Amino acid sequence: MAGKIINLKLISLSFLILLVLFMNACKSDKKKPEKAKIEIVNYLEESKESFDQRMEWWRDDRFGMFIHWGVYAVPAGIYNNKEVKGDNGEWIMNNAQIPVKEYEKFAKQFDPVKFDANEWAKTMKDAGMKYVVITSKHHDGFGLWDSKVSDYDVVDFAPYGKDILKALSKACKEQGIKFGLYYSIIDWHHPEAQSINAPNYNDWEDLKANPKFPSYLENYMKPQLKELIKNYDPEIIWFDGEWIPDFTHEQGLELYQYVRSLKPSIIINNRVDKGRSGMQGMNKGDKKYAGDFGTPEQEILKTSSTLDWESCMTMNDTWGYKKNDHNWKSAQDLLHNLIDVTAKGGNYLLNVGPTAEGLIPAPSVERLNQIGQWLKINSKAIYGTEKLQNNYKQGDKIRFTKEKGSPIYFAIVMEKPDRTIILKNLKPKKDSKITLLGYENPLEWSFDKKEGLIIILPSKVLQTWSKDTYAWTFKITGDEI
Ligand code: FHN
């Protein structure tokens with residue numbers, strides 16, 4: 001009997017406790033606002049501090065791979081057995097005025113069975129490239145991923161049937177290469193974006209725009225971008241094709257906000273808006289445009305800039321694969337470009353155009369390997385550097401860079417030097433060691449107010465300069481004069 005009473009007491013006590021807990025929960029529920037507040041961030045008004053933080057890795061990394069790959073690799077510059085005019089293989093749909101249904105036949109043949117994402121990522125890494133930007137969709141509208149917004153992609157439309165961006169983003173992440181996506185605003189395949197003069201797709205004369213473009217922007221482009229960002233988590237969105245009259249400055253501002261709102265830390269080029277000033281690629285000065293960096297195309301800025309910029313460039317004359325383009329720049333010229341761009345405070349995005357089978361052309365791989373060999377010894381003069389305050393160069397063949405936030409300077413000499421090198425703008429610290437990267441022993445030097453810094457090279461070092469020596473880097477701790 002006594003046990004029963006104790007049990008009853010226990011039950012009523014537990015009930016009381018539960019009641020009190022429930023009432024408290026109700027009270028604290030009442031305290032909560034009806035709806036959670038949504039913070040609207042204006043990404044166009046970012047502070048300098050936050051911008052610098054977001055851009056930090058990109059500024060340090062300096063060197064990336066651009067990949068133009070898609071259906072155009074199938075015709076590879078040839079249509080109806082004729083070489084199509086124009087440098088750019090990826091423009092064949094426009095340049096040969098190929099109707100959509102005809103062009104789709106090439107998509108039906110896109111089967112890159114030799115594509116090996118790990119091999120590509122390794123090629124980037126061996127070249128010393130730190131990031132990649134691949135065409136998720138070029139002007140022809142064909143997607144390299146499994147889009148749910150459209151069937152015109154490599155999974156649903158082409159015999160290959162596998163998601164290329166999925167494989168490549170994974171391989172790049174595994175190798176520590178940052179992953180970026182190119183996305184064309186122009187779309188020659190989409191009826192709401194296509195020029196009304198198709199198959200003359202780039203004919204926008206008299207501003208004959210496609211009146212349905214806003215619908216394509218809202219219902220196709222934005223959902224595709226959302227998919228790309230959610231599924232592949234890119235660090236960069238690299239827009240292109242912003243010149244068409246349908247696309248407005250206001251849409252550009254809004255598009256920038258949209259992409260940043262999907263991933264606030266993402267970096268977006270200036271082709272998200274209408275600011276680009278021709279191929280020179282930096283923004284016009286007439287108003288404030290959206291975009292985080294300028295995009296000189298096939299050019300390098302004439303002088304250094306405090307603005308962020310990236311020069312994109314082909315190794316031959318085409319972006320997308322063309323089987324008869326053999327006009328390759330030398331590895332030496334490409335490397336000198338990287339050095340020049342770095343000294344001027346920019347980044348270098350060097351393009352490859354893989355074949356329809358999925359191979360990066362051998363001449364590209366060769367050149368990339370040669371650049372990579374040089375970077376293995378000289379990387380400190382490129383990554384994590386900043387441009388000098390005063391002179392980024394001395395004459396045509398010497399460029400300077402500086403380790404970020406430190407008194408370590410690099411003089412990169414791009415031709416065989418004489419026994420002495422005289423540098424006019426650097427004063428070494430007393431007793432400091434001056435070295436040649438890749439050569440252990442410190443070099444002899446002297447400093448003279450009138451002459452400058454004189455570095456003396458032992459003849460046994462000079463003799464090691466061969467036809468494959470593209471540049472020497474001298475490391476100097478000191479100050480700029
Ligand atoms: O028309 C494109 C071209 O095909 C290529 O993609 C380059 C790369 O910057 N951009 C365009 C022209 O500005």
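This report walks through the domains, two helix pairs and the ligand surroundings of a predicted model.

## Two domains and where they meet

Let's start with the overall layout. The domain assignment splits the protein chain into domain 1, covering 48–79 + 88–378, and domain 2, covering 393–480. Taken over C-alpha atoms, the centres of domain 1 and domain 2 are 37 Å apart.

The two domains do touch: ten residues of domain 1 are in contact with eleven residues of domain 2. On the domain 1 side, the elements that give two or more residues are helix 9 (331–343) and helix 10 (362–378). Helix 9 gives the most to this side, with seven residues. Sorted by class, the side of domain 1 that touches domain 2 has five nonpolar, four polar and one charged residues.

## Helix 5 against helix 6

Next, have a look at helix 5 (residues 117–127) and helix 6 (residues 164–175), whose axes come within 8 Å and cross at roughly 45 degrees. Helix 5 and helix 6 are therefore oblique to each other. The crossing in which helix 5 passes helix 6 is right-handed.

From helix 5, the residues A117, N118, W120, A121, K122 and K125 take part, and they meet A167, L168, K170, A171, C172 and Q175 of helix 6. The residues of this contact comprise seven nonpolar, two polar and three charged.

## Helix 7 against helix 8

A second pair worth a look is helix 7 (residues 213–232) with helix 8 (residues 249–262): here the axes come within 10 Å and cross at roughly 30 degrees. Because angles under 35 degrees count as roughly parallel, helix 7 is roughly parallel to helix 8. Helix 7 and helix 8 also make a right-handed crossing.

Helix 7 brings L217, K222, L225, K226 and I229 to the contact, while helix 8 brings Q251, Y258, V259 and L262. By class, the contact of helix 7 with helix 8 has six nonpolar, one polar and two charged residues.

## Around the ligand

Finally, which residues are around the ligand? They are H68, N88, E90, W91, D240, E297, C312 and W319. This shell around the ligand divides into three nonpolar, two polar and three charged residues. The charged residues here are E90, D240 and E297, and the nonpolar ones are W91, C312 and W319.

Terms used: Residues numbered from 1 in each chain as written. Predicted model: local features only at pLDDT ≥ 70, side-chain atom pairs only at ≥ 80, totals over all residues. Axes fitted to C-alpha atoms, helices over the stretch in contact; angles between N-to-C directions. Helix = DSSP H or I, 4+ residues; strand = E, 2+ residues; numbered from the N terminus. Parallel < 35°, antiparallel > 145°, perpendicular 65-115°, else oblique. Left-handed = near helix turned anticlockwise from the far one by under 90°. Contact = placed C-beta atoms within 7 Å. Near = placed C-beta within 6 Å. Domains from an automatic or database assignment.
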